[in-house]
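Colleague: Please take one part of this model and go through it closely, then work outward to what surrounds it. Give the cut-offs as you use the terms.

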Amino acid sequence: MKLMGRTALVTGASRGIGRAIALALAEEGADVAINYVSSEGPAKEIAGQIQKLGRRAILARADVGDFPDTFHMAQEVLKEFGHLDILINNAGISSDKTFVKMDHASWRRVLAINLDGVFNCTKAFIDQMIKRNYGRVVNITSVIGQIGNFGQANYAASKAGVAAFTKSLAKELAGKGITVNAVAPGFIETEMVAAIPEKVQHRLLDQIPLKRFGRADEVGRAVVYLVSSDGDYITGAELSINGGLLM
Ligand code: NAP
């Protein structure tokens, strides 16, 4: 097992990609804190699955868009685990509308969770990583942040912001034993993709060279690669998992 003795927190781990990442980390031996904002039942269920693997799992409720709430959650996690080795900033939302129809509230909500959320969570955990001279941070971006998308100006801007944040932090923290990377999924079989109308899904599949959507567990295993010793020489990277959609 590649992550035995490591402690991790995954934001937005109650479902979708975050859930798969939490499971993949636990399967490699990590103890995992499950962050969520409202889905307590599903978060408990994933914690139970992790405990069955013989690992520790704790619930860590917080709205990552709210700094005091996130900071408080981080203190609780550090009290339970003693320290945090691995931070996965995965929580994210979309609120799609063409720019002309997009109101300021929708812009702010997406930026608050997708971009401020990454700042808030990283800020809350980074000092203890620096003190221990070890840390692994992975931020989940998106192919949409790389190419833009009709109706997703807010979402695309938030993800491009996270990608630039990742590279800046990677440079600042490289001398402190901390790597900071991003994983940019394309279209992954989750509730987010299930919500896309079937006709649009077919059009998307036509554009994906591998002719299928990705699976959440495929993203989970890529994250394990980056945070295990296999990824020790990788920092500031944005790893695309998109079936060839962007190359
Ligand atoms: P999802 O199924 O909608 O799950 C979102 C997760 O984020 C849930 O656990 C949710 O918790 C949590 N969350 C939402 N707002 C939060 C907040 N304010 N504070 C804390 N947690 C919050 O999403 P997904 O499709 O798995 O996507 C996960 C990440 O991958 C996102 O950053 C997304 O942008 C990115 N991504 C997804 C795809 C895709 O195809 N699905 C592609 C590229 C990138 P609750 O259940 O408690 O609400």
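**A loop and its surroundings**

Modeller: Arg56 sits in the loop that connects α2 and β3; helices (H or I, at least four residues) and strands (E, at least two) are DSSP runs numbered from the N terminus. This is a predicted model, in which local features need pLDDT of at least 70 and side-chain atom pairs count only at pLDDT 80 or more, while totals for chains, interfaces and linings use all residues. Residues are numbered from 1 along each chain as its sequence is written, and side-chain values use heavy atoms, with hydrogens and water left out.

Arg56 has a relative accessibility of 38% and therefore counts as partly exposed (buried is under 20% relative accessible area, exposed over 50%, partly exposed in between, with a 1.4 Å probe and protein chains only). Leaving aside neighbours within four places in sequence, Arg56 is in contact (heavy atoms within 4.5 Å) with Asp31, Val32, Ile50, Glu80 and Phe81. With Glu80 there is a side-chain to side-chain polar contact of 3.2 Å; the term covers a pair of N or O atoms within 3.5 Å, where within protein one must be able to donate a hydrogen and the other to accept it, and residues adjacent in sequence count only if both atoms are side-chain atoms. Between Arg56 and Val32 there are 6.4 Å in space, C-alpha to C-alpha, although they are 24 residues apart in sequence.

On the other side of the loop is the helix. Just after α2, Gly54 has a positive phi of about 90°. For the 13 residues of α2, 1.5 Å a residue gives an expected span of 18 Å, and the end C-alpha atoms are 18 Å apart, which agrees (the expected span is 1.5 Å times one less than the number of residues). Ala43, Ile46, Ala47 and Ile50 are the buried residues of α2. They cover an arc of only 105° around the axis, so they are on the same side of α2; the arc is taken from the directions from the helix axis to the C-beta atoms. These buried residues pack against α1, β2 and β3 (57-61).

Two neighbours of Arg56, Val32 and Ile50, lead to the largest nonpolar core. It has 35 residues, and those with the most contacts inside it are Leu25, Val32, Ile34, Ile50 and Ile88 (a core is a set of buried Ala, Val, Leu, Ile, Met, Phe, Trp, Tyr and Cys residues joined through side-chain atoms within 4.5 Å). At least two residues of this core come from each of β1 (7-10), α1 (16-27), β2 (31-36), α2 (40-52), β4 (86-89), β5 (135-140) and α9 (216-227). The largest share, 8 residues, is supplied by α1. Phe81, another residue that Arg56 touches, belongs to a second, separate core of 26 residues, which also includes Leu84, Ala124 and Val180.

In the first core, Ile88 touches Leu9, Val10, Thr11, Ile21, Leu25, Val138, Ile140, Val223 and Val227, not counting residues within four places in sequence.
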